[in-house]
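Biologist: Please bring up the model. I have some questions about its side chains and packing.

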Amino acid sequence: MNTCLPVSLKAGQWLNSQDSEPLVYFLAGATVAMMVQDEHHSGLAVGLLGAAHAVGLDHVLNSGPHSIQHLVQSAGQAWYVQAATLQTLALEHPAILNAISHQLWLLVTHVAYLAASIQTLDIQARLAAWLVLSAQTAQTNTLQMTHEHLARMLGVRRVSITLAAGQLRDQGLLTYSRGQVHVLDLPGLARAAQPS
């Protein structure tokens with residue numbers, strides 16, 4: 001019996017919904033946004049995971065309420081295993097538990113960095129930072145995402161994204177059309193993501 005099985009993840013897919021058995025996904029090509037939502041279903045992305053990251057490790061540790069949800073941002077491949085199976089393996093092999101702990105600590109530092117940037121950057125700089133993170137995580141300069149999606153990730157109105165994207169386009173850093181963002185100058189976009 002194979003412990004991990006391949007799966008194709010689709011953009012817009014929620015992972016580990018409440019009505020499913022918890023799974024752990026080892027990302028190979030997809031990118032997954034870590035989302036926090038309030039009671040009005042207004043959300044904010046607090047992290048972005050890609051190759052070499054895992055989604056659902058909190059289920060392995062029975063960490064209690066799951067306040068962070070996972071939304072596939074870019075379609076791609078992954079491997080999955082039932083969380084209960086990985087939990088059994090982790091108890092039998094301490095090296096697996098150590099690897100899980102290391103991965104979770106990396107997530108904590110990643111979320112802390114993004115939380116700090118949310119507090120200090122204006123919308124244009126936050127958009128630039130998210131696009132840089134998305135391009136680096138997906139390892140491509142062509143991103144399949146709409147202004148509506150970006151507004152959801154940053155927790156702002158769509159019109160704010162349209163204005164900020166227009167400013168970045170006017171600076172020659174990107175172009176966009178029909179749900180595609182083309183990053184033209186990644187180092188320039190990274191500079192635009194710095195506090196002014």
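Biologist: Which residue forms a salt bridge with Asp-170?

Modeller: This is a predicted model, in which local features need pLDDT of at least 70, side-chain atom pairs count only at pLDDT 80 or more, and totals for chains, interfaces and linings use all residues. Residues are numbered from 1 along each chain as its sequence is written, and side-chain values use heavy atoms, with hydrogens and water left out. A salt bridge here is a side-chain nitrogen of Lys or Arg within 4 Å of a carboxyl oxygen of Asp or Glu. The closest N and O atoms are 3.5 Å apart, and the partner of Asp-170 is Arg-169.

Biologist: Is Asp-170 buried or exposed?

Modeller: Buried means under 20% relative accessible area, exposed over 50%, and partly exposed in between (1.4 Å probe, protein chains only). Arg-169 has 38% relative accessibility and counts as partly exposed. Asp-170 has 62%, so Asp-170 counts as exposed.

Biologist: Which element gives the most residues to the largest nonpolar core?

Modeller: A nonpolar core is a set of buried Ala, Val, Leu, Ile, Met, Phe, Trp, Tyr and Cys residues joined through side-chain atoms within 4.5 Å. The largest has 30 residues, and Leu-127, Trp-130, Leu-131, Leu-168 and Leu-189 touch the most other members. Elements giving two or more residues include strand E4 (31-37), helix H4 (123-138) and helix H6 (158-170); helices (H or I, at least four residues) and strands (E, at least two) are DSSP runs, numbered from the N terminus. With seven residues, the top contributor is H4.

Biologist: Which residues of helix H5 (147-154) are buried?

Modeller: Six of the eight residues of H5 are buried, so the helix is largely enclosed by the rest of the structure. They pack against E4, E5, strand E7 (68-74), H4, H6 and E10. The buried residues are His-147, His-149, Leu-150, Ala-151, Met-153 and Leu-154.

Biologist: What does Trp-130 touch in H5?

Modeller: Contact means heavy atoms within 4.5 Å. Residues up to four places away in sequence are not counted, and the contacts of Trp-130 include Ala-33, Ala-45 and Leu-114. Among its H5 contacts are Leu-150, Met-153 and Leu-154.

Biologist: Which residues is Gly-172 in contact with, leaving aside its neighbours within four places in sequence?

Modeller: Gly-172 lies in the loop between H6 and strand E10 (174-177). Its relative accessible area is 39%, so Gly-172 is partly exposed. Its contacts are Leu-184 and Asp-185.
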